[in-house]
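This briefing covers internal cavities and charged side-chain pairs in one protein model. Please look over the sequence and structure below before reading on.

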Amino acid sequence: MSPTTSGRPAKPATILDVAAAAGVSRQTVTRAMNGMPGIKESTRERVQELARELGYTPSRFAKGLVQGSRTSVGLAIPDLTNPYFPAFASSVVELATQRGWHIVVDDYGHGGRSGLDAVEHLAPHVDAVIGYLGGYADQAQAALGRRPLIVLDEIPGSAAGSINFDYTQAANLAVDHLWGANRRNIAYLDAHDTRQSAFPPEGQESRASSPAGDIGPCTVRGRAVASRLDQTGSPWSLIAAEETAGAARAAAAALLRDRPETDGILVFNDLMAAGVLKAAADAGLRVPDDCAVVGMDGIPLGELLTPELSTLALDLREVGRAAVELLDGLLTGAVAPGSDSARLTLAHQLILRKSA
């Protein structure tokens, strides 16, 4: 797809565009693009050349209807070592398999690959893609042509479908709980270089400060937490680390050394919160008596930690279900690409356990 003068993507070429350019019927284009008999070789070559010039890519879903093959869906995942993603992927695979779909997984978070690399790798083999792409929605949808793309946790752009999460609601739940428990020296541990970085800054000043110097939240969930903490009118601390338990442990250890008065820590996700709990134990702190800790995502790991982790939880099975059902609607035509019905927002639930 090429951009129009208005800056919006041009409408993708359709099978009717190719038929009109070649002066043949739609059925002839179908035969030419799918390697079917019944047309001259010269006609086949002419149609295929015009299709390339127009940027037309036949839908593998439509091809499956013609040839009787199964629907194949690509699943782009940034890091299967993070327990969040296997839980989500498992739900998608289970529910898609019930529909008779074939799932192809690309775990792209290795060797410097991006979400766009994953989609380009999957594109020749699938009818649609579901994925956490980290800000490549427009480019990935262009790579897929008319085939549906569902992106999660990023600005959807031209993607056919999207699922996002209400981080404002989540931040309000967590901050209000800590504030209600008389926590007045709260810190937020954000993540560097995550799938959230696709969201542009909102231009909002924060009261946050950091042992590493003044910085702003890196992620959309961080900006939601910052906004709610600003509304309390009290100073608060912001630190950031790579999205691993080890990096979070080191960052939290530095915070607790420099700001021993910290009595509540909100954390980007549960995996990083595990590192925070370890840092608190290393510092000789009692959680939650001396410092409460709240994670985000609700992965099963939280129940295995000591103390058990309070978290802003997503029902990951329902996230997977929402993605599969939305894709089903896009494939069958029940949901129009880019419509309000193709833009979903899901909410978190505050699960209180022993850490807060």
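The points below take up the cavity and its lining, then the salt bridges. The model is predicted. The count of cavities of 30 Å³ or more comes to one, and a search of the whole structure finds 11 salt bridges.

**Cavity**

- The largest cavity has a volume of about 50 Å³.
- Its lining is made up of Ala174, Tyr188, Val225, Leu266, Val267, Val294, Gly295, Met296 and Leu312.
- Two elements, β9 (264–267) and β10 (292–297), give two or more residues to this lining.
- Strand β10 provides the largest share of the lining, three residues.
- By class, the lining holds eight nonpolar residues, one polar residue and no charged residue.
- The polar one is Gly295, because Gly is counted among the polar residues.

**Salt bridges between helices**

- Side chains of opposite charge can pair when their charged atoms come close.
- Glu94 and Arg317 form a salt bridge through their side chains, with an N to O distance of 2.7 Å. Glu94 belongs to helix α5 (residues 84–98) and Arg317 to helix α12 (residues 316–332), and the pair links parts of the chain 223 residues apart.
- Arg228 and Asp176 form another salt bridge, in which the closest N and O atoms are 2.7 Å apart. Here Arg228 sits in helix α9 (residues 220–232) and Asp176 in helix α8 (residues 167–180), with these positions 52 residues apart in the chain numbering.
- Arg249 pairs with Asp282 in a salt bridge whose closest N and O atoms are 2.8 Å apart. Arg249 lies in helix α10 (residues 245–258) and Asp282 in helix α11 (residues 270–282), so this pair ties together parts 33 residues apart in sequence.

**Accessibility of the paired residues**

- Glu94 is partly exposed at a relative accessible area of 35%, and Arg317 is partly exposed at 33%.
- Arg228 has 18% relative accessibility and counts as buried, because the cut-off for buried is under 20%. Its partner Asp176 is partly exposed, with a relative accessible area of 36%.
- Arg249 counts as partly exposed at 34% relative accessibility, and Asp282 also counts as partly exposed, at 48%. Asp282 is not classed as exposed, because that class needs over 50%.

**Salt-bridge network**

- Which residues are linked in a network of salt bridges? They are Asp153, Arg221 and Asp297.

Technical notes. Residues numbered from 1 in each chain as written. Predicted model: local features only at pLDDT ≥ 70, side-chain atom pairs only at ≥ 80, totals over all residues. Heavy atoms only, no water. 1 Å grid on protein atoms, 1.4 Å probe; cavity = no way out; pocket = protein on both sides within 12 Å on 5 of 7 lines; lining within 4 Å. Points joined across faces, edges and corners; volume = space filled by probe spheres on them. Helix = DSSP H or I, 4+ residues; strand = E, 2+ residues; numbered from the N terminus. Salt bridge = Lys/Arg side-chain N within 4 Å of Asp/Glu carboxyl O. Buried < 20%, exposed > 50% of the residue type's maximum accessible area, 1.4 Å probe, protein only.
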